[in-house]
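Here is a friendly walk through one model, meant to be read with the viewer open beside the text. Feel free to rotate and select as you go.

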Amino acid sequence: MTDSPEQQRRHVVVRRLRTALARLPHWWPLPVSVLIGTASGLSYSALAADRYEATSYAMAVAEAETDPSAALGYAQSYGRLTTSDATLSYAQGAAGETVRELRSHVRSETSPDSPMISVTGTSEDRHKAADIANAVIEAVIVSSGHVSKDTGVKLIKFTHAMTPDQPISPSVPLGAAVGAATGGLLGGLVLLVRPRRAGRPVPVQVPGPTAGGGNVAQDDRELVR
């Protein structure tokens, strides 16, 4: 049963494609991966929505009869409670977001050397980013005030989060550079795992009979062996 003309054309296209790929150098995946990665990085940088960050700070202060070193330990503890459900539930009204949304838009950091807590809010709206940071830091301060008589340490606001002017989204050159580096890494991995092409066989020259029609010379016989 013969193939239809359409199937024959497909076979021809497949054979030509295989022939073209076979003629390419073995390192062709590397530049192709770099180009694809660069294009992806440019597309992401151009199409991604801008994101803003705003940060507020609070400081743990020891009461008169409390060891000053206790403030550092309580600052670490309050920093871990910043993203707890209780704190975010208290802050969700002022932040204008639900607890679930706040959890992905807030992060906190503490210092091992100073009793300082930083709360950073992120959002596509620069004003909301500042509102989130201020709402969460206020919630932590209020929570610490409820137990300050027992702990001997209270939190005070150190700085207020200001509305950011510039987004933190990656720039177009940075996105292109990251995409190119990622593409180059993937291309290099492809070269490492792909099978290598077999080398071309080297033809063996077998000497013919001598001009006098006699046997092959002794040296030539040893070569053939």
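Ser118 is found in strand 3 of this predicted model. Is Ser118 buried or exposed? With a relative accessibility of 9%, below the 20% cut-off, Ser118 counts as buried. If residues up to four places away in sequence are set aside, the contacts of Ser118 are Thr55, Ser56, Tyr57, Arg107, Ser108 and Glu109.

Another serine of strand 3 is worth selecting next. Ser123 lies in this strand, which spans residues 116–123, and counts as buried at 7% relative accessibility. Its side chain reaches the backbone nitrogen of Asp125 at 3.1 Å. Beyond the neighbours within four places in sequence, Ser123 is in contact with Arg51, Tyr52, Lys128, Ala129 and Ile132.

Ser114 sits in the loop between strand 2 (106–110) and strand 3. With a relative accessible area of 27%, Ser114 is partly exposed. Its C-alpha atom is 6.2 Å from that of Leu72, although the two residues are 42 residues apart along the chain.

**The overall picture**

Stepping back, the protein has nine helices and four strands. Along the sequence they follow the pattern α-α-β-α-α-α-β-β-α-α-β-α-α. Of the 225 residues in the protein, 26% are buried. Among contacts with a separation of 6 or more, 75% join residues 24 or more positions apart. The accessible surface comes to about 15,400 Å², and carbon and sulfur atoms hold 59% of it.

**The nonpolar interior**

In soluble globular proteins, nonpolar side chains tend to be buried together. The largest nonpolar core here has 22 residues, and Val136 and Leu155 touch the most other members. At least two residues of this core come from each of strand 1 (52–62), helix 3 (70–81), helix 4 (85–95), helix 5 (99–105), strand 3, helix 6 (126–146) and strand 4 (153–159). Which element gives the largest share of this core? Helix 6 does, with seven residues.

A second, separate core has six residues, among them Tyr52, Ala54, Ala129 and Ala133. Two of these names have come up before: Tyr52 and Ala129 are also in contact with Ser123.

Returning to Leu155, what does this residue touch beyond four places in sequence? Its contacts there are Met59, Ala60, Tyr78, Ile117, Val140, Ile141 and Ser144.

**Charged pairs**

Side chains of opposite charge can pair when their charged atoms come close. The structure holds five salt bridges, and the table lists some of them.

| Salt bridge | N to O distance |
|---|---|
| Arg107 and Glu109 | 4.0 Å |
| Arg126 and Asp165 | 4.0 Å |
| Lys157 and Glu138 | 2.4 Å |

The pair of Lys157 and Glu138 links distant parts of the chain, with Lys157 in strand 4 and Glu138 in helix 6, 19 residues apart. Lys157 has a relative accessible area of 32% and is partly exposed; Glu138 is partly exposed too, with 34%.

Where do Arg126 and Asp165 lie? Arg126 is in helix 6 and Asp165 is in the loop between strand 4 and helix 8, so their pair ties together parts that are 39 residues apart in sequence. Arg126 is partly exposed, with a relative accessible area of 31%, whereas Asp165 counts as exposed at 62% relative accessibility.

Arg107 and Glu109 belong to a network of salt bridges that also takes in Glu53. At 36% relative accessibility Arg107 counts as partly exposed, and so does Glu109 at 48%. Arg107 and Glu109 are also contacts of Ser118, the residue that opened this tour.

**Out on the surface**

Glu101 lies in helix 5 and counts as partly exposed at 38% relative accessibility. Between Glu101 and Leu88, 13 residues apart in sequence, the C-alpha to C-alpha distance is 9.7 Å.

Finally, look at helix 8, which covers residues 172–193 and contains Leu185. Why does Leu185 count as exposed? Its relative accessible area is 56%, which is over the 50% cut-off. Together with Leu186, Leu189, Leu192 and Val193, Leu185 forms a nonpolar patch on the surface, with about 550 Å² of accessible area in total.

Key: Residues numbered from 1 in each chain as written. Predicted model: local features only at pLDDT ≥ 70, side-chain atom pairs only at ≥ 80, totals over all residues. Heavy atoms only, no water. Patch = residues over 30% accessible without salt bridge, like charges linked within 9 Å, V, L, I, M, F, W, Y side chains within 5 Å. Areas by Shrake-Rupley, 256 points an atom, 1.4 Å probe, with all protein chains shown as cover. Salt bridge = Lys/Arg side-chain N within 4 Å of Asp/Glu carboxyl O. Buried < 20%, exposed > 50% of the residue type's maximum accessible area, 1.4 Å probe, protein only. Polar contact = N/O pair within 3.5 Å; in protein donor to acceptor, adjacent residues only side chain to side chain. Contact = heavy atoms within 4.5 Å. Core = buried A, V, L, I, M, F, W, Y, C linked by side-chain atoms within 4.5 Å.
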